[in-house]
Structures are given as structure tokens and as C-alpha cells.
Amino acid sequence: MAPQTRTETQTQTEEVTTQTGRLNLVGGGEGPQYPQYLPSVDHTTFPDWEEIPYVDAGTRGTPDKRHLFLPGSTHKPLTPRIGEEIRGVQISQLSKEGLDDLALLAAERGVLVFRGQDFKDIGPERQLDTVRHFGRLHIHPTMPYPEGLPEMHVVYKDPASTANAIKPNETQSISSVVWHADHTAERQPPGITFFFALEVPSAGGDTLFVSATEAYKLLSDGYKERLEGLKIVHDNTSMIEYAKSRGAPARFNPSKHAHPLIRTHPATGAKIVAAIGAGEGNGQPRYIEGFKREESEATLRLLNDVLQRSGDIQARATYEPGTVVVWDNRVVGHTPVHDFEGERRHFIRIAAMAEKPF
Ligand SMILES: [Fe+2]
């Protein structure tokens, strides 16, 4: 499998219909540099995910990350509490032990920003195989993927795109910021997630991250005790139904699961406030099981105030050509920032599904 050349279908495809509406793929100026990674129209459906055993790669990592931080590499925190920027390491050249160290570091720091990577040019097969090291690869239930590559989620915007019209006008938000973790309604939601840049705007299009392990530490002991043992119901029915209503792909049946509100990371043992974006808009974390509506809403609002307003546990990932960002979707929440106009932004996300939260 090496679809490195522009396919006939993609050449002929000037527009696709997504859950977000009409996405015009032909912008002004030069064409996309990575046409083989453009979104394609594909209504293939898949069987719902079976529960499978999961062993976190980070449990095999070394405390000093000796297989990742090879001689000549440098790394520094993005902030004291979250994030690490790494230079002089090629992910594509890492050993299995190096990938294990990467998983542990992602679990500890939440988000890793790797600069100067050749990852975007090693081809889909190696890209997918690299992330497969961390678990079964997720398939987005509704959004377009590059032709024949369902395990790649395309994030694409060009000067002619209308993809930023993510909601009907009457419900459009003032800000593009939408804090969330990816696909938490799955029985085994994604953990290690790769997000690599194919084309970046000259400025902007960053991603904001917040540490849900650091958020937990900020809470008082008494409040932590009250939250312990609670479950929060996650549901992606509205996403699937919205896709269907727009004629966009709906590849899986809706997924609804009750996961611990305070979950534990299998590699670090850290406690995590697993409620980012809860109860807001069409987000997947919906309500606390067994609480009355006002109790659930008030609790989730408080937790999201901590997560979304605490700049001291947040970081901003910026992108350059060759940047690969890796985050642990259990440890951090994130939000895109749509602050650029008139330029192309083309990214691929590959996510490995992790354990059933505990
Ligand atoms: Fe996301």
C-alpha cells in the first residue's frame, strides 16, 4: 500500500460533502502539496468496535527516556506543568523501545512537540504502522479520510474552504475555541494521538492543550473524595445523527458509554479529570450518572471552569513545516484555533485506541 500519487478520483474531485457542509478543495494559487492526503468521499461502514485487551506502551518506558532522548537531541518543557518540545530526534528512526519511551513521556507531559520531522514524507504505511505501536487505530465515524486510508483523519482548510462553518449560522459561536478530548464516547477512547503537519499557515492555526492530570491536583482533598467513584456518560449519537442528516458518512452505530469521571492512567497512575467539554454543545461527555440534572450541570461546569480557564495548566502547540505533535488524549484536552485566513492548512491525525477507562 503506497498511494503516493494523486489518484484519478482525487483529481476529479473538486468538492466533497462533509458533516460540516460543502468543503471546496480547490483554493486560489498553488494546489495542495500533499494531494494524496486530501479528503475523499467514502461512505464505507465498519463493524462496531469490539473490546480488546490493551497494554499501554508507556508501561515499558524508561524513567530517563534513554531510548528517546538520544545523543544530540534536546528537549525543554513548553511550560513547567504541561508539554515538551523536542529537537534532534527523528520519530521515524526510533526503536520499539524509543516509542515506548515516547508513550511514557506523553503520559507524563501530556503533549510533545517534535520539530524537524521527516514523518510527513515516509508514506502512509509507515505512518500508520508507527502509531499502531500504541494500540488499535481509530477510524473517525463521520469525517472524510484520504482515499483508502480510513485510519487517517484529515484536517484541511484552504482559502476557498467553507469548512470553518462548522455549525449552521444560527448556532455559530463567537469563538472557534471548543475544548474537548477526542472520541471519549468510544468504549476504548483514543490515547496516543499523532497530529502531523503537511502544510501550515505562516502564522496561527495552533492547538491549545490543557492538562487534566494537573487539573486534578488543583482540587481540594475533600472535593476529590466527592468525585471519586462517579461516572460520566459519553454519547456521540448527535454527531452520527447530524452526519446522517447532512448526507455525510456515518460509519459506525452511535456509541454511548459511562466512564469514570476521575480516571487513572495505566502507565503513570496519575488521576485524570475526564470531563473536558462536558455538557457543552454537542460534546460527547454529557452528564454524571445518578446525579440530578442541576447537580450534574453544576459539577461539570465547575470542572470545566478549572480546565478551560486555568492558563497555568495549559500550553500552546505551534506548527512549523515538519512539526509532529503527539498527545495523550487521556491526559490532555485540546482545542483548535481558527485564527488564520487566506492560507492552506493541511494536517493528518492518527489515533491509537487505549484501555477501557478505569
Ligand atoms: Fe480534537
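**Exercise 1.** Does alanine 107 count as buried or exposed, and why?

*Solution.* The model examined here is predicted. Begin by locating the residue: helix 2, which spans residues 96-109, contains alanine 107. Next, apply the cut-off, under which a residue with 20 or more other C-beta atoms within 10 Å of its own is buried. Alanine 107 has 25 C-beta neighbours inside 10 Å, and therefore counts as buried.

**Exercise 2.** Identify the residues that surround alanine 107, leaving aside those up to four places away in sequence.

*Solution.* The contacts of alanine 107 are Gly58, His265, Ala267, Thr268, Asp328 and Val331. A further spatial relation concerns glycine 191, which lies 84 residues from alanine 107 along the chain. The C-alpha atoms of these two residues are 9.0 Å apart.

**Exercise 3.** Determine which helix gives the most residues to the largest nonpolar core, and examine the contacts of alanine 106.

*Solution.* The largest nonpolar core comprises 72 residues. The members that touch the most other members are Ala103, Ala106, Val111, Ala212, Val273, Ala275 and Val326. Helix 2 makes the greatest contribution to this core, with 7 residues. Turning to alanine 106, and again setting aside residues up to four places away in sequence, one finds contacts with Leu112, Ile192, Val326, Trp327 and Asp328.

**Exercise 4.** Describe the buried and exposed faces of helix 3.

*Solution.* First, list the buried residues of helix 3 (residues 124-132): they are Pro124, Gln127, Thr130 and Val131. Their arc around the axis is only 130°, which means that they lie on the same side of helix 3. As a general principle, an α-helix has 3.6 residues a turn, so residues three or four places apart point the same way. Then consider the face turned away from the buried side, where the exposed residues Arg126 and Asp129 are found. Finally, identify the packing partners: the buried residues of helix 3 pack against strand 9 (190-199) and strand 19 (345-353).

**Exercise 5.** Set out the arrangement of the open sheet with strand order 16-10-18, and state which residue in strand 18 is the bridge partner of leucine 208.

*Solution.* The sheet has 3 strands, and their pairing is antiparallel. Strand 16 (314-317) and strand 18 (332-336) are the edge strands, each pairing on one side only. From one strand to the next, the twist averages 25°. Strand 10 (residues 207-211) is joined to strand 18 by 5 bridges, and the two strands run antiparallel. Leucine 208 has threonine 335, in strand 18, as its bridge partner.

Notes: Residues numbered from 1 in each chain as written. Predicted model: local features only at pLDDT ≥ 70, side-chain atom pairs only at ≥ 80, totals over all residues. Buried ≥ 20, exposed ≤ 12 C-beta atoms within 10 Å, placed from the backbone. Helix = DSSP H or I, 4+ residues; strand = E, 2+ residues; numbered from the N terminus. Arc of directions from axis to C-beta. Contact = placed C-beta atoms within 7 Å. Core = buried A, V, L, I, M, F, W, Y, C linked by C-beta atoms within 7 Å. Pairing = 2+ DSSP bridges. Axes fitted to C-alpha atoms, helices over the stretch in contact; angles between N-to-C directions.
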